[in-house]
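The following exercises are to be worked with the sequence and the coordinates at hand. Each task is followed by a solution in steps.

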Amino acid sequence: MPELPEVEVTRRGVDPHLTGRVVTDVIVRREGLRWPFPADLRALLRGKMVLSTGRRGKYLLLNFAQGTVLIHLGMSGHLRILPRATPAAKHDHIDFVIGDQCLRMTDPRRFGAVLWHALDDGDIEHHPLLIGLGVEPLEDGFNAECLFEQTRMRNAPIKQVLLAGDIVVGVGNIYASESLFKARINPKTQAKRISLARYALLVSAIRETLAAAIEQGGRTLKDFVSVNGQSGYFQQNYFVYNRAGEACRICQRPIRQIRQGQRSSFYCVFCQK
Ligand SMILES: [Zn+2]
């Protein structure tokens with residue numbers, strides 16, 4: 001599943017091909033994915049210039065003078081820049097044509113989304129899908145004080161509070177597990193029992209983990225402009241994620257896997273308290 005770093009790397013990869021360019025056509029090959037595509041998307045966007053791209057949580061934003069296209073990659077979606085004439089395969093659902101290229105969305109499992117938010121409907125930040133999102137983890141609003149203050153009443157384990165997305169957005173399963181390891185916090189620890197000092201360590205760990213993933217993903221940017229390119233997802237050397245039973249990279253004891261809220265958590269019993 002694409003997480004925040006994949007979406008940000010995707011945004012950076014496609015941005016030079018979109019910003020300042022005019023959409024010449026929109027080709028829709030099915031009615032929608034998780035939700036129906038906007039019925040009038042072609043009429044809305046033809047002849048309109050992409051002013052900028054953005055990201056909020058895992059939503060990629062294409063900003064036009066008239067409004068914003070929101071794209072979510074769902075469970076399995078990805079975006080590529082391709083020559084316009086590239087034949088569409090089974091799971092290629094929508095093309096935003098820009099001159100002799102197109103931005104193509106591929107999504108085998110079809111949990112992704114393409115939505116339109118008109119400028120007349122207000123600030124994009126007030127879109128129903130965005131308004132409940134927490135602060136961006138790589139922006140200044142995310143700090144130890146905000147995490148500490150907003151968790152004083154939270155009985156839930158810290159891992160699940162991170163994944164809930166209402167305090168900080170985009171720290172998914174992989175990056176929550178990795179960040180908690182680096183901050184030496186057990187994923188089962190109740191959020192309200194974690195001190196300000198430990199939250200400072202966690203904030204640093206989250207920022208470092210996400211920034212490193214984005215940097216590593218950036219090295220695969222060429223994939224976004226290749227006909228035969230990979231999905232844009234990238235594998236990394238994790239400390240704990242998906243390493244159940246393998247040796248902890250610090251203490252050599254086996255990494256443990258547990259279930260928390262239907263999701264797997266990976267941690268070291270000895271290094272994380
Ligand atoms: Zn360990």
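## Exercise 1. A glycine in a loop

Task: In this predicted model, determine which residues Gly74 is in contact with, leaving aside its neighbours within four places in sequence.

Solution.
Step 1. With those neighbours set aside, the contacts of Gly74 are Met1, Pro2, Phe111 and Gly112.
Step 2. Gly74 belongs to the loop between strand 4 (67-72) and strand 5 (78-83).
Step 3. The relative accessible area of Gly74 is 7%. Buried means under 20%, so Gly74 is buried.
Step 4. Gly74 and Arg110 are 36 residues apart along the chain, and their C-alpha atoms are separated by 7.2 Å.

## Exercise 2. Positive phi outside glycine

Task: Establish where Arg110 and Asn242 are placed, and whether each counts as buried, partly exposed or exposed.

Solution.
Step 1. Arg110 sits in the loop between strand 7 (101-106) and strand 8 (113-118). Its phi is near 60 degrees, a positive value in a residue other than glycine.
Step 2. Arg110 has 37% relative accessibility and therefore counts as partly exposed.
Step 3. Asn242 is located in the loop between helix 6 and strand 9. Although Asn242 is not a glycine, its phi is positive, at about 65 degrees.
Step 4. The relative accessibility of Asn242 is 56%, so this residue counts as exposed.
Step 5. A further positive phi, of about 60 degrees, is taken by Arg184 just after helix 5.

## Exercise 3. The zinc site

Task: Identify the protein donors of the zinc ion and explain why their arrangement is tetrahedral.

Solution.
Step 1. The donors are the SG atoms of Cys248, Cys251, Cys268 and Cys271, at 2.3 to 2.4 Å from the zinc ion.
Step 2. Along the chain, these donors follow the spacing C-x2-C-x16-C-x2-C.
Step 3. Cys248 and Cys268 link distant parts of the chain, being 20 residues apart. Cys248 is in the loop between helix 6 (196-218) and strand 9 (256-260), whereas Cys268 is in the segment after strand 10 (263-267).
Step 4. Cys248 and Cys268 are both buried.
Step 5. The four donor atoms subtend angles of 98 to 116 degrees around the zinc ion. Four donors count as tetrahedral if all angles lie between 85 and 135 degrees; the arrangement is therefore tetrahedral.
Step 6. For comparison, the ideal angle for four tetrahedral donors is 109.5 degrees.

## Exercise 4. The nonpolar cores

Task: Find which residues have the most contacts inside the largest nonpolar core, and which element gives the largest share of this core.

Solution.
Step 1. The largest nonpolar core has 34 residues, and those with the most contacts inside it are Ile158, Leu162, Tyr199 and Leu202.
Step 2. Two or more residues of this core come from each of helix 3 (144-150), helix 4 (158-164), helix 5 (173-182) and helix 6.
Step 3. Helix 6 gives the largest share, seven residues.
Step 4. Not counting residues up to four places away in sequence, Tyr199 touches Ala144, Leu147, Phe148, Thr151, Arg152, Ile158, Ala191 and Ile194.
Step 5. Apart from the largest core lies another, of 26 residues, among them Val26, Val69, Phe96 and Leu103.

## Exercise 5. Helix 5 and Ser177

Task: Explain why helix 5 is described as largely enclosed by the rest of the structure, and list the residues that Ser177 touches, not counting residues up to four places away in sequence.

Solution.
Step 1. Nine of the ten residues of helix 5 are buried, so this helix is largely enclosed by the rest of the structure. The buried residues include Asn173, Tyr175, Glu178 and Phe181.
Step 2. Ser177 is part of helix 5 and, at 2% relative accessibility, counts as buried.
Step 3. With residues up to four places away in sequence not counted, Ser177 touches Lys159, Val240, Tyr241, Ser265 and Phe266.

## Exercise 6. The largest pocket

Task: State how much space lies in the largest pocket and which of its lining residues are the closest to its centre.

Solution.
Step 1. The largest pocket holds about 830 Å³ of space.
Step 2. Its lining comprises 37 residues, of which Met1, Glu3, Lys58, Gly172 and Arg263 are the closest to the centre.
Step 3. At least two lining residues are supplied by each of helix 4, helix 5 and strand 10.

Technical notes: Residues are numbered from 1 along each chain as its sequence is written. This is a predicted model: local features need pLDDT of at least 70, side-chain atom pairs count only at pLDDT 80 or more; totals for chains, interfaces and linings use all residues. Side-chain values use heavy atoms; hydrogens and water are left out. Donors are N, O and S atoms within 2.8 Å of the metal (3.2 Å for Na, K and Ca); water is not among the atoms, so sites may look incomplete. Four donors count as tetrahedral if all angles lie between 85 and 135 degrees; four count as square planar and six as octahedral if opposite donors are over 155 degrees apart and all others between 65 and 115; anything else is irregular. Helices (H or I, at least four residues) and strands (E, at least two) are DSSP runs, numbered from the N terminus. Buried means under 20% relative accessible area, exposed over 50%, partly exposed in between (1.4 Å probe, protein chains only). A nonpolar core is a set of buried Ala, Val, Leu, Ile, Met, Phe, Trp, Tyr and Cys residues joined through side-chain atoms within 4.5 Å. Contact means heavy atoms within 4.5 Å. On a 1 Å grid over the protein atoms alone, a cavity is a set of points where a 1.4 Å probe fits but cannot get out, and a pocket is an open set with protein on both sides within 12 Å along at least five of seven lines; lining residues have an atom within 4 Å of a point. Grid points are joined across faces, edges and corners, and a volume is the space filled by probe spheres set on the points.
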